[in-house]
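Student: I am new to this structure. Please pick a part, look at it closely, and then show me how the rest is laid out around your starting point.

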Amino acid sequence: MLLRIFAGDESAIVSAPSPDKEAMFPLIISGGLGLPLDTDIILRWRLLGHFASVLVSAPNSSLLTSLKMIAFHPQEMMAPEPAYLPGMDEDIRNRVMKALLDRGENIWKFKSHWYKCTCGYSFFIGECGRPMEQAKCPGCGLQIGGRDHNKTQHTTEDDETDRSPAGYVLPTAEKDEKHVSFRDIPASSARAIRLLIHSAMFLGVVSSTKNPMPRNFDDIINDDSMCTMRSACEAKYIADHWKNDWKQMVELLSSNVEDLAATLHNLIGLISTQSNDNPKQAAASGSSGAAESVPDWSTLTLAKRNSW
Ligand SMILES: [Zn+2]
């Protein structure tokens, strides 16, 4: 199907139902439909076309395997264990902690700081991490916190294990933060990762074009997140993200679409020829990580992912 579409046969897209069809218009550049055709559209189309070819031809040892899996076999990703997808948000508590430390707050490291109310409301206690103040829980109104290091009866210590969500968690494109940040990755790289995953998902949608359209990604949606894709038109949800990522990338690089397209081609070329992603020393020690040709990133814990 992808081959047909990139060869200029848009009949499958044209006979798809709305609004899926309109969402897939970026894949049509034959001009016969009177759709607008400018440099931006052509460059985006070319990027998708080249990305499709490296994805389809990626061997199992390639770093692209994960994206290929997301594009064409997403239903296999959540069994037996739900997989972490590249470019998703991390446990929000890590960001809160980091923001506070960046602000110069006096927070004792290596101490537990997270507590929760009996209703499930989660909160943070700074400095030594022991309760010194009482307050009304915003969730249920009970007294939480404590005095003189003694917590109230409704307060329990929360475990600090990583709760980064598995699966696809992003809200609609318009709610996607402008400056994405996760795991200390710079905003431009973080956005590039999102552009790659949405390109893969977009190609996945297009490759399965039918009337009615099948649903490709229901299995990987994390229903505890802000993702509303399950109740939305899948093609539009993904295409909106993909367009948004592209637009944000141009702004982040303070550049133009030609530069962006060249940079991304370079990046895709590099990933497709490199099959090794060796972890930094910290991650390699005590594990056989360095010996494996491809990291099983989908099951990496936050600590391991951070050290990569
Ligand atoms: Zn409460």
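Tutor: Start at Ala200. Leaving aside neighbours within four places in sequence, Ala200 is in contact with Leu55, Leu67, Ile70 and Ala71. Keep in mind that this is a predicted model.

Ala200 also belongs to something wider. The largest nonpolar core has 52 residues, and Ala200 is among those with the most contacts inside it, together with Tyr168, Met201, Phe202 and Leu203. Several helices feed this core. Those that give two or more residues are helix 1 (2-6), helix 4 (39-57), helix 5 (65-72), helix 7 (187-207), helix 8 (234-252) and helix 9 (257-273). Helix 7 gives the most, with 10 residues.

Now take helix 7 against helix 4. Their axes come within 10 Å and cross at roughly 85°. Angles of 65 to 115 degrees count as roughly perpendicular, so helix 4 and helix 7 are roughly perpendicular to each other. From helix 4, the contact uses Leu48, Phe51, Ala52 and Leu55; from helix 7, it uses Ser199, Ala200, Phe202 and Leu203. By class, that contact has seven nonpolar residues, one polar and no charged ones.

Step back for the whole chain. It has 11 helices and six strands. Of its 308 residues, 29% count as buried. Take the contacts between residues at least 6 apart in sequence: 60% of them join residues at least 24 apart.

Next, the strands. One open sheet holds three strands in the order 2-1-6, with antiparallel pairing. Strand 2 (122-124) and strand 6 (155-157) stand at its edges with a single partner strand each, so one side of each has no neighbour in the sheet. On average, neighbouring strands here are turned by 35° against each other, direction ignored.

Look at strand 1, residues 114-117. Three bridges join strand 1 to strand 2. One pair to find is Tyr115 with its bridge partner Phe123 in strand 2. Strand 1 also pairs with strand 6, again antiparallel and over three bridges. There, Cys117 stands opposite Thr155. Strand 1 has two unlike faces: Tyr115 and Cys117 lie on the covered one, Trp114 and Lys116 on the uncovered one. The hairpin of strand 1 and strand 2 has four residues between the strands, and Gly120 in this hairpin takes a positive phi near 105°.

The other open sheet also has three strands. Their order is 3-4-5, and the pairing is antiparallel. Strand 3 and strand 5 (150-151) are the edge strands, each with a single partner, so one side of each is left without a neighbour in the sheet.

Strand 4 covers residues 143-147 and pairs with strand 3 over three bridges. Gln134 stands opposite Gly145 in strand 4. Lys136 stands opposite Gln143, also in strand 4. The hairpin of strand 3 and strand 4 has six residues between the strands, and Gly141 takes a positive phi near 90° there.

On to strand 5. Two bridges join strand 4 to strand 5, which run antiparallel. Gly146 has Lys151 as its bridge partner in strand 5. These two strands form a hairpin with two residues between them, and Asp148 in the turn has a positive phi of about 50°.

Strand 4 shows how side chains can sort by face. In a regular strand the side chains alternate between the two faces of the sheet. Here, Ile144 and Gly146 point to one face and are buried, while Gln143, Gly145 and Arg147 point to the other and are not.

Finish at Pro131. This residue is found in the loop between strand 2 and strand 3 (134-136). Is Pro131 buried or exposed? A residue counts as buried if 20 or more other C-beta atoms lie within 10 Å of its own. Pro131 has 21 within that distance, so it is buried. Leaving out residues up to four places away in sequence, Pro131 touches Ile125, Gly145, Gly146, His149, Lys151 and Thr155. Gly146 and Lys151 you have met already, as bridge partners. Thr155 you have met too, opposite Cys117. Pro131 and Arg147 are 16 residues apart in sequence, and their C-alpha atoms are 5.9 Å apart in space.

Key:
Residues numbered from 1 in each chain as written. Predicted model: local features only at pLDDT ≥ 70, side-chain atom pairs only at ≥ 80, totals over all residues. Pairing = 2+ DSSP bridges. Axes fitted to C-alpha atoms, helices over the stretch in contact; angles between N-to-C directions. Buried ≥ 20, exposed ≤ 12 C-beta atoms within 10 Å, placed from the backbone. Contact = placed C-beta atoms within 7 Å. Core = buried A, V, L, I, M, F, W, Y, C linked by C-beta atoms within 7 Å. Parallel < 35°, antiparallel > 145°, perpendicular 65-115°, else oblique. Nonpolar A, V, L, I, M, F, W, Y, C, P; charged D, E, K, R; others polar.
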